[in-house]
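Here are some short exercises to help you find your way around a new structure. Try each one yourself before reading its solution.

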Amino acid sequence: MESNDRGQKTLLELRDVSKVFKKDGRDFPVLKGINLSIREGEFVSILGPTGCGKSVTLQIVAGLIDQTTGSVVLDGKEEHGPGPHKGMVFQEYALLPWRSVVENVEIGLELKGLGKKERRKIAREQLATVGLEGTENQEVHEISVGMRQRVAIARALANHPKILLMDEPFEALDALTKEEMQIQILNVWEKTGTTILFVTHDVDEAIFLSDRICVMDINPGRVKKMLVDQLPRPRHECMSRTDKEFNDMRDEIIALYSSLKDEELDLII
Amino acid sequence: MDQTIDGTGFCGKKTLISLKGISKKYLKNGRDIVAVKDCDLDIGENEFMVIVGPTGSGKSTLLKLIGGFETPTTGAITVGDSPVKGPGSDRGMIFQEYALLPWRSVLQNVELGLEFQYGKRAENKALAMEYIDMVGLSAAVNKHPVELSGGMKRRASLAMILVTKPKILLMDGPFNALDSKTKLTLHTEITRIWKHEHNTIIFVTSELDEAVKLSERIAVMNRDGRISKIFTNDLPRPRFGKAALEPQFHHRFIELREEVMNEVKAAAGKTVCDYGL
């Protein structure tokens, strides 16, 4: 499915969001004047080096921390606090190790009070969506780290979220598994039509996945440029990351960071 | 120092957990790997047992077998009079990784254990608060995991398990990779909790300082997956703060650690041992 097949309705809006951390009586501005608008069904990445506030932005959208000023509007409503309508997949898998794979996917449904039969059915469907059929009764420690992250994705999807918020979800994985997971998340995105906001400091990952890339600057964190990623879809494994279009896009992003000092530039390229 | 495994429990404590002829084999790349071999071990009620051993000696596997997360290839494990057939709420397992749900606050995460077990109840909150206080996290009850330091996340994970009042606590390197100050605080706290709650604790670690500070007995596992020796830890308590600086205490502490160290080195064979001091 091409991104432009999807709705043009604005789903998520950040309006002039800023964040100031206080430490020892001093103010540390980490985010300044973030304006961002994401359409339903879109895949948007927030890209930047350490200190650009990309994770903080996502945590504010998730409702895990409060912004200092500005507002977050999701589906026309101002957001306060977390909820199952915002699915979270973070770098730490946050699976409960004493529960089996399927029981982890069911957590949200169980807490919502759904009966066992119904929640098992939904959990099985979501495990199939992430390509984990047949693993439901395995223990979390028996499966690979890549599979754990898929379980976390299935768990988020089981609540039918309006948006999936992903904070460097593939960061801790080896290169091969990382690439597999990137393809997997595109499959999930196409199958479900969900909207994804994805934080990364991996330039190629952002290019490979996104419809648009929000390139962030540091000190304080702010939007440097919003780039449209026009690489053809579907991208999948057959796509080469050394094509001219891919290279041009990478060059454009790197050029945006030409003023940063070497020690500030911890992007993966 | 060492005590033979005689099946009568420890120091007159009634046997709570009993492992008889436990072996665990699994297949890896077409080869049989023996993780645990012929382990006999009795653990008494309210005992604090620490298991050490070189990497690959099967200590985590042994813990998972007791937790019911793995099934032994041979032998039987009983808790009280009941055979272990799978995980159960009488055995709370604390893994190395944090087990917190990012969208729930500290309070909501600790309540989670109770919610799964009893459903939503009015008393869940007060009980959760009590255990959050016990692990020293009262100031952070409404914070989400992303706002917590590594040490705070461990404490929250610990409270989440403790609140369900498991009779047995199985801890797999729960304080690994924490800074020494946080570790000291958590050592003091887990000792206090153990005395207060009368749990039976089986604690796996690769740090001998930790093993000697916490344990009543220390079991050493070797590369074959066998228990090669069990030490009785006769150090008086308290073992932290000023008490630990008394020369008499200190000397005995170093001595015991040395004895355990030599056993671990022997258990590791001639290869370089991964134990620092």
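**Exercise 1.** Find the domains of chain A and say how they meet.

Solution. Chain A is divided into domain 1 (3-85 + 164-264) and domain 2 (93-160), with bounds that come from an automatic or database domain assignment. This is a predicted model, in which local features need pLDDT of at least 70 and side-chain atom pairs count only at pLDDT 80 or more, while totals for chains, interfaces and linings use all residues. Residues are numbered from 1 along each chain as its sequence is written, and chains are lettered from A and ligands numbered from 1 in the order in which they are written.

Next, take the distance: the C-alpha centres of domain 1 and domain 2 of chain A lie 25 Å apart. Then look at where they touch: 13 residues of domain 1 of chain A are in contact with 12 residues of domain 2 of chain A (C-beta atoms, placed from the backbone, within 7 Å). On the domain 1 side, helix H6 (residues 175-192) of chain A gives the most, with 7 residues. Helices here are DSSP runs (H or I, at least four residues), numbered from the N terminus.

Finally, sort that side of domain 1 of chain A by class: it has 8 nonpolar, 3 polar and 2 charged residues. Ala, Val, Leu, Ile, Met, Phe, Trp, Tyr, Cys and Pro count as nonpolar, Asp, Glu, Lys and Arg as charged, and the others, Gly among them, as polar.

**Exercise 2.** Describe how H5(A) and H6(A) pack.

Solution. Start with the geometry: H5(A) and H6(A) pack at an angle of about 20°, with their axes 11 Å apart. Axes are lines fitted to C-alpha atoms, for helices over the stretch in contact, and angles run from 0 to 180 degrees between N-to-C directions. The two helices, H5(A) and H6(A), are therefore roughly parallel to each other (angles under 35 degrees).

Now list the partners: A:Gly146, A:Gln149, A:Arg150, A:Ile153 and A:Leu157 in H5(A) meet A:Thr177, A:Glu180, A:Met181, A:Gln184, A:Val188 and A:Thr192 in H6(A). Their contact divides into 4 nonpolar, 5 polar and 2 charged residues.

**Exercise 3.** Work out which residues join H4(A) to H5(A).

Solution. First, the axes of helix H4 (residues 116-129) and helix H5 (residues 145-158) of chain A come within 9 Å and cross at roughly 130°. On the H4(A) side the contact is made by A:Ile122, A:Ala123, A:Gln126, A:Leu127 and A:Thr129, and on the H5(A) side by A:Ala154, A:Leu157 and A:Ala158. By class, this contact holds 6 nonpolar, 2 polar and no charged residues.

Note on methods. Two residues are in contact if their C-beta atoms, placed from the backbone, lie within 7 Å. Angles under 35 degrees count as roughly parallel, over 145 as roughly antiparallel, 65 to 115 as roughly perpendicular and the rest as oblique.
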